[in-house]
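Let's take a walk through a protein model together. Keep the picture open and turn it around as you read.

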Amino acid sequence: MIRPPSRRSLLLGATGALGASVLGGCDRLGEMDWFKHTLKSGEDANLFVHRLLTSDATLAPEYAEADISPWFKPNGTEDPPDKDYKALVRRKFADYRLEVGGLVEKPFKITLADLRKLPARTQITRHDCVEGWSCIGKWTGVPLSELLQRAVLKPNARYVMFHCADTMDQGSALEGGGDGEEEEPQAETSAKGANPNMTKRAVGDEDTRNSGKSEDTAIADEGAPAPVRFYESVDLVDAYHPQTILAYEMNGQTLPVANGAPLRLRLERNLGYKQAKYVMRIEVVESFAGIGEGKGGYWEDQGYAWYAGI
């Protein structure tokens, strides 16, 4: 009995045939704008192939309770020093309001307590960092799709931006730029892009910068340049994926500050640098060309690929 080919083998065969036709001189295909855009870079090819071989709802692997790592490495910023964020922490985020706006019909703000009342999802997944390490954690949070459905996207909506509380004065060569160990900030001798704020600080240590505002609306203190804060983006395919959640619990406990409290993005089919921590505001946009360096995220502005599918 001959088994019918699987969807994956059909797609792989189609991909191979497509490549052969191009190499053979398929002029008509080569003239199509969508195809030229798809092949313009390795990043676009990664996105194209990833989406071709998986459905919009294909899940990342999920694990058992016994697989949970005994310690989930925080990495990156572990304690944002901005004074507004510190004030939220002191009051256990009672004053926190997640803002959802941009290209939506019904913008809104919502408290952490009300977020917890919305339908939730719990998943045990593996976090894969671009630095080469992995951890398995249990996450509970509200699916991003719940918030987007409530906001009602406008027809020209294409991307979802996440604006965060952690100030990134300078970038680092790697996601997070360190393991959180105490270290003295370097001056001119520090590596290009090193971020002195991405290390542990003494409890209560804060500075005068404000958080919760986007880079272009932040008010500079006494003429100082507006701070650059972490931001990230996804397209609508990943935004509506069932495992894309805004997590407020980790391993059955309230999400710790070091791991991104009060909310962190879990984007389970992507590398760790896409998992934005300290989410303060969600903005739906048609293009991210005018945000930051126009590449869709803080690390992307430093040269990382926008699509980090795994």
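Is Cys129 buried or exposed? Cys129 counts as buried, at 6% relative accessibility. Before we go further, keep in mind that this is a predicted model. Cys135 is buried too, with 8% relative accessibility. You might wonder about a bond linking these two cysteines. The sulfur of Cys129 has its closest cysteine sulfur in Cys135, but that one sits 9.2 Å away, which is too far for a bond. A disulfide needs two sulfurs within 2.5 Å, and the structure holds zero of them.

Now look for the sheet. Five strands make up an open sheet with mixed pairing, and the order across it is β2-β1-β10-β5-β6. The edges belong to β2 (residues 108–111) and β6 (229–235); each has a single partner strand, so one side of each is left without a neighbour in the sheet. On average, neighbouring strands here are turned by 20° against each other, ignoring direction. Zoom in on β1 and β10 (residues 279–285): this pair runs in the parallel sense and is joined over four bridges. If you want a spot to find by eye, look for Gly102, which stands opposite Val284 in β10.

Next, what packs on this sheet? Helix α7 does, touching β1, β2, β5 (159–167) and β10. The direction of α7 makes about 140° with that of β2. Within α7, which covers residues 144–151, the buried residues are Leu144, Ser145, Leu147, Leu148 and Ala151. Look down the axis of α7 and these buried residues fall within an arc of 160°, so they line one face of the helix. Why can residues that are not side by side in sequence share a face? An α-helix has 3.6 residues a turn, so residues three or four places apart point the same way.

On to the core. In soluble globular proteins, nonpolar side chains tend to be buried together. The largest nonpolar core here has 59 residues, and those touching the most other members are Leu98, Phe162, Leu246, Leu263, Val279 and Ile282. Strand β5 gives the most to this core, with six residues. For a closer look, pick Leu263: leaving out residues up to four places away in sequence, its contacts include Tyr96, Leu98, Leu112, Leu246, Tyr248 and Val279.

Let's finish with some unusual backbone spots. Most residues other than glycine have a negative phi, and most peptide bonds are trans. Phe93 has a positive phi, near 65°. You'll find Phe93 in the loop between α5 (83–90) and β1 (97–102), and it is buried, with a relative accessible area of 11%. Asn251 isn't a glycine either, yet its phi is positive at about 55°. Asn251 lies in the loop between β7 (245–250) and β8, and at 29% relative accessibility it counts as partly exposed. Val152, just after α7, takes a positive phi of about 60°. And where is the cis peptide bond? It joins Ala261 and Pro262, with omega about 10°. Pro262 lies in the loop between β8 (253–254) and β9 (264–266).

Notes:
Residues numbered from 1 in each chain as written. Predicted model: local features only at pLDDT ≥ 70, side-chain atom pairs only at ≥ 80, totals over all residues. Heavy atoms only, no water. Buried < 20%, exposed > 50% of the residue type's maximum accessible area, 1.4 Å probe, protein only. Helix = DSSP H or I, 4+ residues; strand = E, 2+ residues; numbered from the N terminus. Arc of directions from axis to C-beta. Pairing = 2+ DSSP bridges. Axes fitted to C-alpha atoms, helices over the stretch in contact; angles between N-to-C directions. Contact = heavy atoms within 4.5 Å. Core = buried A, V, L, I, M, F, W, Y, C linked by side-chain atoms within 4.5 Å.
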